[in-house]
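Visitor: I am new to protein structures and would like a friendly tour. Could you show me one, please?

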Amino acid sequence: MTDTSSSFPRRDGPPANGPESDAGADRPPEERGRTTIADGVVEKLAGTAARDVPGVHALGAGMSRTLGAVRERVPGGGRASVRGGVKVEVGERQAAVDLVVVVEYGVPITEMAGDVRVSVISAVERLTGLEVVEVNIAVDDVHLPEDEDDTESRVT
């Protein structure tokens, strides 16, 4: 059973003048207080949304991808960073996103870039309430099908 009574004394009449009158009782609950969103949170959201787009092989420039791959293979090294290849600037009401992308061979780059923008903007705006003013995409590399064969040993 839920107790809906309050242990605070009930006051009838208008609010008193003084510090208690600034408590925000006249404002809706969602306006009482301040919410800040860290850059890293927006980076994770944008990176996840970008990786979900067909044709995106990976995010990040060559060296960061190499370090991420090594980190994944080392026991206890953890997963590759979700934020790799993503940089953001977050203000009070707006955000700007910069992505470094590796595309799959054969995927039209301009179409993939448009799809990434739509995905990132809708995810960040829906989940944070921030207006995304721009999503800049730098295509750093193309993943070729034969690139996956590089993991096999060339020595027999």
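Visitor: How many helices and strands are there in the chain?

Guide: Helices (H or I, at least four residues) and strands (E, at least two) are DSSP runs, numbered from the N terminus. Please keep in mind that this is a predicted model, where local features need pLDDT of at least 70, side-chain atom pairs count only at pLDDT 80 or more, and totals for chains, interfaces and linings use all residues. Residues are numbered from 1 along each chain as its sequence is written, and side-chain values use heavy atoms, leaving out hydrogens and water. Along the sequence the pattern is α-β-α-β-β-α-β, and the chain holds 3 helices and 4 strands.

Visitor: What percentage of the residues in the chain is buried?

Guide: Buried means under 20% relative accessible area, exposed over 50%, and partly exposed in between (1.4 Å probe, protein chains only). Of the 156 residues in the chain, the buried ones make up 24%.

Visitor: Which helix supplies the largest share of the largest nonpolar core?

Guide: A nonpolar core is a set of buried Ala, Val, Leu, Ile, Met, Phe, Trp, Tyr and Cys residues joined through side-chain atoms within 4.5 Å. The largest one has 24 residues, and Val97, Leu99, Val101, Val116 and Val120 have the most contacts inside it. At least two residues each come from helix 1 (39–51), strand 1 (56–59), strand 2 (86–90), strand 3, helix 3 and strand 4 (131–143). The largest share, 6 residues, is from helix 3.

Visitor: Which residues of strand 4 or elsewhere does Leu99 touch, not counting residues up to four places away in sequence?

Guide: Contact means heavy atoms within 4.5 Å. By that rule, Leu99 touches Ala50, Gly85, Val86, Val116, Val120, Val135, Asn136, Ile137 and Ala138.

Visitor: Why does the length of helix 1 agree with what it should span?

Guide: The expected span of a helix is 1.5 Å times one less than its number of residues. Helix 1 has 13 residues, so it should span 18 Å. Its end C-alpha atoms are indeed separated by 18 Å.

Visitor: What do the buried residues of helix 1 pack against?

Guide: In helix 1, the buried residues are Gly40, Val42, Glu43, Ala46, Gly47, Ala49 and Ala50. Val41 also lies in helix 1, but counts as partly exposed because its relative accessibility is 42%. The buried residues of helix 1 pack against strand 1, strand 2, strand 3 and helix 3.

Visitor: Is Ser119 buried or exposed?

Guide: Ser119 is found in helix 3 and touches Ala49 and Val53, not counting residues up to four places away in sequence. Because its relative accessibility is 19%, Ser119 counts as buried.

Visitor: How much accessible area do Tyr105, Ile109, Val139 and Val142 have together?

Guide: Patches are made of residues with over 30% relative accessible area and no salt bridge (a side-chain nitrogen of Lys or Arg within 4 Å of a carboxyl oxygen of Asp or Glu). Like charges are joined within 9 Å, and nonpolar side chains (Val, Leu, Ile, Met, Phe, Trp, Tyr) within 5 Å. Areas come from the Shrake-Rupley method with a 1.4 Å probe, and for residues only the protein chains shown count as cover. These four residues form a nonpolar patch on the surface, with a joint accessible area of about 340 Å².

Visitor: What separates the C-alpha atoms of Asp141 and Tyr105?

Guide: Tyr105 sits in the loop between strand 3 (94–104) and helix 3 (109–128), while Asp141 lies in strand 4. They are 36 residues apart along the chain, and their C-alpha atoms are separated by 9.5 Å.
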